[in-house]
Amino acid sequence: MSEVILVLDFGGQYKELIARTVRSLSVYSEIKPGNISVEEIKRLHPAGIILTGGPDSVYLPDSPKCAPELFSLGIPILGICYGMQLMCHILGGRVETNSAGEYGRVSVTPLDSRKPFPALMSHRDSVTEPPEGFTVTMRTETAVAALENSGKKLYGVQFHPESAHTENGREIISRFLYEICGVEGNYKVDDYIENQITQIRAKVGENNVLLALSGGVDSSVCAALLSKAVPNRLVCIFVDHGFMRLDEGDEIERIFGERKLRFIRVNAQKRFLRKLKGVTDPETKRKLVGYEFIRVFEEEAAKLGDIPFLAQGTIYPDIVESGVNQGGEGNNAVIKSHHNVGGLPENLAFKEVIEPLSGLFKDEVRVIGKKLGLPAALISRQPFPGPGLAIRVMGAVTEAKLDVLRRADAILREELDRQKRRPEQYFAVLTDTRTVGVKGDDRTYEPVVAVRAVTTSDFMTCEYTPLPHKILQRISYRITSEIPAVSRVVYDITGKPPATVEWE
Ligand code: XMP
């Protein structure tokens, strides 16, 4: 990878959006901690550096900082929000709290002849005095919106050009890349595939590779890539725990049965149900499914004999979020611990772990999946929890309850799949509350099905999706008429927080 833009992270929520925007402009980008050492930067030899926003105030002693030498390396730098303030603070300018702050879309006026434009702001502190050698180039009514020292190729914007709420924000980033950093823009996802195939072949040689295939986007794309790189030397173990959605297990078997790999489906449905018998606590259910999964996987792997390589569908955000391998000096907080595909433990006896997708964002993984010929339904698959329907059946899990939930969920998905604009995630839940109903002339006393549909950009927070009543009515009608065991459907109208996406 010849050209790279480093995105230095100061805790801003948009770091991944910045890095993805850069990549979508055909330039490879990597996120690194804000306090990355100068030696490491020199080693990486970036064409440019972008400093992200962040929630702190630069003038506080404990706020995240970068090495001051960063600004004299001759590398073009674009500071965004906190990043701009940090640059000014370090170079001798003044940053102060602005009593009102600016939040949301704010009009920004360039100080040349260009027209004002709306831009996303989210800051309380402002630059009140630019450092020596800097010129203010844009303002809002109350604050400095952009400044530069073009001789030194140092630029700062108080607004967020990476946000779609900033008019022409993408163009601003593009101009920084192409006009200031002088990149050629040679990054293509296709090159990534070819690169990985060469690397995988060199590493694996004549050996076999084992992969725990869950049917999720990441492990599926990983399987497709490996089966192309080392055809017939990939062994995929698909542990069917019996908590998949309607026909999902068969579908996964069909898709991968056609590829050049050895596909092993372990039908462990009964074993998992036995383990969960009578268990009602959500965390215990999650843990039991996790432990059992590992045991089944290990047993199957042992039957295969010695396979030196274990492949995993780890993607770039998994690594960034876990703070692993970032070359920083320790003040980068671990946001969430990294979960491997299938939650495989680290002490499995493999010579090496291969993670061919570890440099890619989810949208890039999807592009690769498409190029490798995976079906659209699989590539656009919604997140699905590892423990599957076991945590969407409230309380104790039984085959009969799973059957009801599968059918209700299939109806819900069928109805929403055909909508033009779909929520990011939607599914049914089988509650453990029974209510009285009437079907025909008979009284019923059956469990309630809940419908959940959420709108989200990151699956970490969400809003419930206000689905049109007509659609809800149709879903309710179909579930209650096609499934004898259900006579009441409710709609979950809670966001996260305070609820979580899943009910358990
Ligand atoms: P929660 O329920 O935590 O869910 O608000 C946030 C997102 O994560 C998905 N989820 C999981 N994904 N393994 C996964 O791979 C899990 O155990 C798991 N639990 C929740 C959930 O569907 C939502 O998209």
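**Notebook: ligand site, a helix pair and some backbone oddities**

I began with the ligand and listed its surroundings, taking a residue as near if one of its heavy atoms lies within 4 Å: Arg286, Pro383, Phe384, Pro385, Gly386, Pro387, Gln425, Phe459, Lys496, Thr500, Val501 and Glu502. This is a predicted model, in which local features need pLDDT of at least 70 and side-chain atom pairs pLDDT 80 or more, while totals for chains, interfaces and linings use all residues. Residues are numbered from 1 along each chain as its sequence is written, and side-chain values use heavy atoms, with hydrogens and water left out.

**Entry 1: the ligand**

I sorted the shell by class and got 6 nonpolar, 3 polar and 3 charged residues. Here Ala, Val, Leu, Ile, Met, Phe, Trp, Tyr, Cys and Pro count as nonpolar, Asp, Glu, Lys and Arg as charged, and the others, Gly among them, as polar.

Next I looked up polar contacts (pairs of N or O atoms within 3.5 Å). Arg286 places a polar side-chain atom 2.8 Å from a ligand oxygen. In the side chain of Gln425, an N or O atom is 2.7 Å from an oxygen of the ligand. Gly386 takes part through its backbone, with a polar atom there 3.2 Å from a ligand nitrogen.

How much of the ligand does the protein bury? I noted 68% of the 490 Å² that the ligand exposes when taken alone (Shrake-Rupley method, 1.4 Å probe).

**Entry 2: α8 against α9**

I then turned to two helices, α8 (residues 269-276) and α9 (residues 282-303). Helices here are DSSP runs of H or I with at least four residues, and strands are runs of E with at least two, numbered from the N terminus. The two axes come within 10 Å and cross at roughly 145°; they are lines fitted to C-alpha atoms over the stretch in contact, with angles from 0 to 180 degrees between N-to-C directions. The crossing is right-handed (near helix turned clockwise from the far one by less than a right angle).

For contact I used heavy atoms within 4.5 Å. From α8 I noted Arg271, Phe272, Lys275 and Leu276; the α9 side includes Leu288, Val289, Glu292 and Phe293. By class, this contact has 6 nonpolar, no polar and 6 charged residues.

**Entry 3: the backbone**

Lys496, one of the residues around the ligand, is joined to Pro497 by a cis peptide bond with omega about -10°. Another cis bond joins Pro497 and Pro498, with omega about 10°. I found Pro497 in the segment after β18 (489-491).

Last, I checked His45, which has a positive phi of about 50° although it is not a glycine. His45 sits in the loop between α2 (38-44) and β3 (48-51).

Notes:
A polar contact is a pair of N or O atoms within 3.5 Å; within protein, one must be able to donate a hydrogen and the other to accept it, and residues adjacent in sequence count only if both atoms are side-chain atoms.
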